[in-house]
Amino acid sequence: MLEDLDRIGPVLILMVSAGGILLVDLALHERDRRWLPFGALAGLAAAAIWTVVLILRGREAVVFSGTYSLDSFSIFFNFLFLGVAGLVVLASADHVRRLRYQGEFWTLLLLATTGMMLLAGARDLILIFVALELTSISQYVLAGFLKDDRSSEAGLKYIILGAIASAVILYGMAFLFGISGTTKLVAPEGQASIFALIAQGESGTRAALFAAMVMLGAGFSFKVALVPFQMWVPDVYEAAATPVAAFLSVGSKAAGFAVLLRIFYEGFGPDSFIGSDWSNLFAAFAVVSMTVGNVMALLQTNIKRMLGYSSIAQAGNIAIGVAAIAASGGGVSLGASGVTFFLATYVFTNLGAFFAVIVISQRLGSDAIAGYAGMGRRAPLLAAALAICLVSLTGIPPTAGFVAKLYIFNAAVQSDLVWLVIVGVLNTAVSAYYYLRIVSHMYVSPAPDEGDIVPSPWLAAALLTTSVGVVAIGLVPFPLIKAAERAASALG
Amino acid sequence: MQLLFDNYVAVLLATIIGSILVLSALLASRLLAPFSESRQKRTTYECGMVPIGRVRTQVHIRYYLFAILFLIFDVEAVFLFPWAVTFVDIGPVAFYEMVLFILILGSGLVYAWKKGVLQWK
């Protein structure tokens, strides 16, 4: 028990640094608070280094009576979440300096990251739920952190709808526990687990399993913003501080899909009798999410709302990969590695877009798309960074988004889901309109007023990382694809 | 299906019988009991002080923070009692775990204190 503690070392480090920042913040003078982001970055870096050490020492194992699994999947997502949190720290340093409660912001950010890392490694329903709540509650508070009317409204909407989603998830878990008598998704041969129960075949459990599947699917669809559980997304993204919106858009999505893979791919199994059911469920989610997200994004005049709807559509794209897992008929599944790879590219792309929006909105004082006219001349580098990300979100080469879409569509074709790919490609065409409209707006339209826009060093570093990442993955995708495939192979 | 729903038959029966019992008790008292309306009977307390003011008074929101702080130590006490009974058997691990637990709770109190929660302004 105690000798396994080093395997959750990265999680423990983040927890300790979150608590440490909260306490150090109490003792600091107002002017010394600007050092706090360095504390957060140090904690994240220490967690990343610890993860590297775990890999080097080959410490992969299932620990704590089967509740937590340190495998290539959780390690991949550890790095992903640490990267997301690191970039968000860089992007929010300026924003937080104007806030009254600074230590609390960093603490909540680190705690949310802690929860996400636990989620990616959790193999037990109880741990999944606890980690989910740790993440969600931190995010509710972050969404309402500005404490003005709109931010409070967003936070309240998020917490009420999120609590309902958590209740639905819990009810689904109760069904699973009821039929299997255990909370373990997977267990060694001979022990009771949900996987073992489903592998036995259909013995009077189909109705309950179906109910559990629908409830878990619905609850986690809320967390990853799939239609019809997307109502909160545009409102929360618009009203929350932009760095927080950036964190919500990638963090909770990646964590949600990681758990979905754990529960459905690892727990329910792709070639079990319930496999085609959950495949169809996610195919349906994918179709409505892509369509609704893209059509609604066409109508937006506020760039944060537009990015909100675009993130709904992107969640639909990822759901194609989830649907492709079970439809492959038990062969080698590209679906799971597709989801993992897509999430990794999506992190760079979407964070980059949000970071550019942070800089521009700060200067313009509004999020209106009309304000982006002539940005190509006012701030060439910034406009280029935003354009790269928008092009990548559309899925045009040579960017990361293109490779990711190609990979996930290929996975669907391999699984005989050609109709889903057709819907996806049609939707990509629709999405090109609103993504590229902004790009043309920035380069073709005349600027209403002049004046350079220069990002702060923090934001410049974050933007540089994301832009380079998007292009680098687009040009040389194979190392990341290899890593994603290795990660997904831990589940199958 | 069979396996799943058999256990719920008892719940269903309990619900039905329970509702019948409650409804019949209410109905029987309505039909059988004598009713006498008088001013005395309508008072809140038939003996004792006559209540003043409305029932719905507004409690200051500041009490909420005190209530939360109280709750923390309430929970601590709930955990300390079973721990005190068994910690000799479990050994040093139990002791250090509880020290850690109290330290975490204590840092919560320090945080609230520094933020001025304990001051009534």
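P398(A) lies in the loop between α15 (380-394) and α16 of chain A, and this is a good place to start a tour of this predicted model. The peptide bond that joins P397(A) to P398(A) is cis, with omega at about 5°. A second cis bond links V227(A) and P228(A), again with omega of about 5°. P228(A) sits in the loop between α8 (206-224) and α9 (232-239) of chain A.

**Confidence**

The model as a whole scores ipTM 0.75 and pTM 0.88. For chain B, the mean pLDDT is 85, and 95% of the residues score at least 70. Within chain B, helix α4 (residues 92-114) has the highest mean pLDDT of its elements, 90, while helix α2 (residues 39-42) has the lowest, 74.

**The two chains**

Let us set the chains out in turn. Chain A has 19 helices and 2 strands. Its radius of gyration is 22 Å, close to the 23 Å that the globule rule gives for 492 residues, so chain A is as compact as a globular protein of that length. Taken along the principal axes, the C-alpha atoms of chain A fill a box of roughly 70 × 55 × 40 Å. Buried residues make up 58% of the 492 residues in this chain. Of the contacts in chain A with a separation of 6 or more, 80% are between residues 24 or more positions apart.

Chain B has 4 helices and 0 strands, and from the N terminus on its elements run α-α-α-α. The radius of gyration of chain B is 26 Å, well over the 14 Å that the globule rule gives for 121 residues, so this chain is more spread out than a compact globule. Its C-alpha trace spans about 65 × 60 × 30 Å along the principal axes. As for burial, 0% of the 121 residues of chain B count as buried.

**Two helix pairs in chain A**

Two packed helices are described by the angle between their axes and the distance between the axes. How do α10 and α13 of chain A cross? Helix α10 (residues 242-268) and helix α13 (residues 334-364) have axes that come within 8 Å and cross at roughly 170°. An angle over 145 degrees counts as roughly antiparallel, and α10(A) and α13(A) are therefore roughly antiparallel to each other. On the α10(A) side, the residues that make the contact include A246(A), V250(A), F257(A), L261(A) and Y265(A). On the α13(A) side, they include L343(A), Y346(A), V347(A), F354(A) and I358(A). By class, the residues of this contact divide into 18 nonpolar, 4 polar and no charged.

The other pair returns us to α16, the helix that follows the loop of P398(A). Helix α16 (residues 400-414) of chain A packs with helix α18 (residues 457-475) of chain A at an angle of about 45°, their axes being 7 Å apart. α16(A) and α18(A) are therefore oblique to each other. Here A400(A), F402(A) and V403(A) of α16(A) meet V470(A), I473(A) and G474(A) of α18(A). The contact of α16(A) with α18(A) has 5 nonpolar, 1 polar and no charged residues.

**A closer look at S361(A)**

S361(A) is found in helix α13 of chain A, and S361(A) is among the residues of α13(A) that contact α10(A). Is S361(A) buried or partly exposed? It counts as partly exposed, because S361(A) has 17 C-beta neighbours inside 10 Å. Neighbours within four places in sequence aside, S361(A) is in contact with T242(A), S366(A) and D367(A). T242(A) is itself one of the α10(A) residues in the helix contact. S361(A) and I453(A) are 92 residues apart in sequence, yet their C-alpha atoms are 10 Å apart in space.

**Positive phi in two loops**

Two residues of chain A that are not glycine have a positive phi. The table sets out their angles, places and surroundings.

| Residue | Phi | Loop in chain A | C-beta atoms within 10 Å |
|---|---|---|---|
| F64(A) | about 55° | between β1 (61-63) and β2 (68-70) | 15 other C-beta atoms |
| D416(A) | near 60° | between α16 and α17 (418-443) | 12 other C-beta atoms |

With its 15 other C-beta atoms within 10 Å, F64(A) is partly exposed. D416(A), with 12, is exposed. The cut-off explains this, because a residue with 12 or fewer such atoms counts as exposed.

Technical notes
Residues are numbered from 1 along each chain as its sequence is written. Chains are lettered from A and ligands numbered from 1 in the order in which they are written. This is a predicted model: local features need pLDDT of at least 70, side-chain atom pairs count only at pLDDT 80 or more; totals for chains, interfaces and linings use all residues. Axes are lines fitted to C-alpha atoms, for helices over the stretch in contact, and angles run from 0 to 180 degrees between N-to-C directions. Angles under 35 degrees count as roughly parallel, over 145 as roughly antiparallel, 65 to 115 as roughly perpendicular and the rest as oblique. Two residues are in contact if their C-beta atoms, placed from the backbone, lie within 7 Å. Ala, Val, Leu, Ile, Met, Phe, Trp, Tyr, Cys and Pro count as nonpolar, Asp, Glu, Lys and Arg as charged, and the others, Gly among them, as polar. pLDDT is the predictor's confidence in each residue, from 0 to 100. The radius of gyration is taken over C-alpha atoms; the globule rule is 2.2 Å times the number of residues to the power 0.38. A residue is buried if 20 or more other C-beta atoms lie within 10 Å of its own, exposed if 12 or fewer, and partly exposed in between; C-beta atoms are placed from the backbone.
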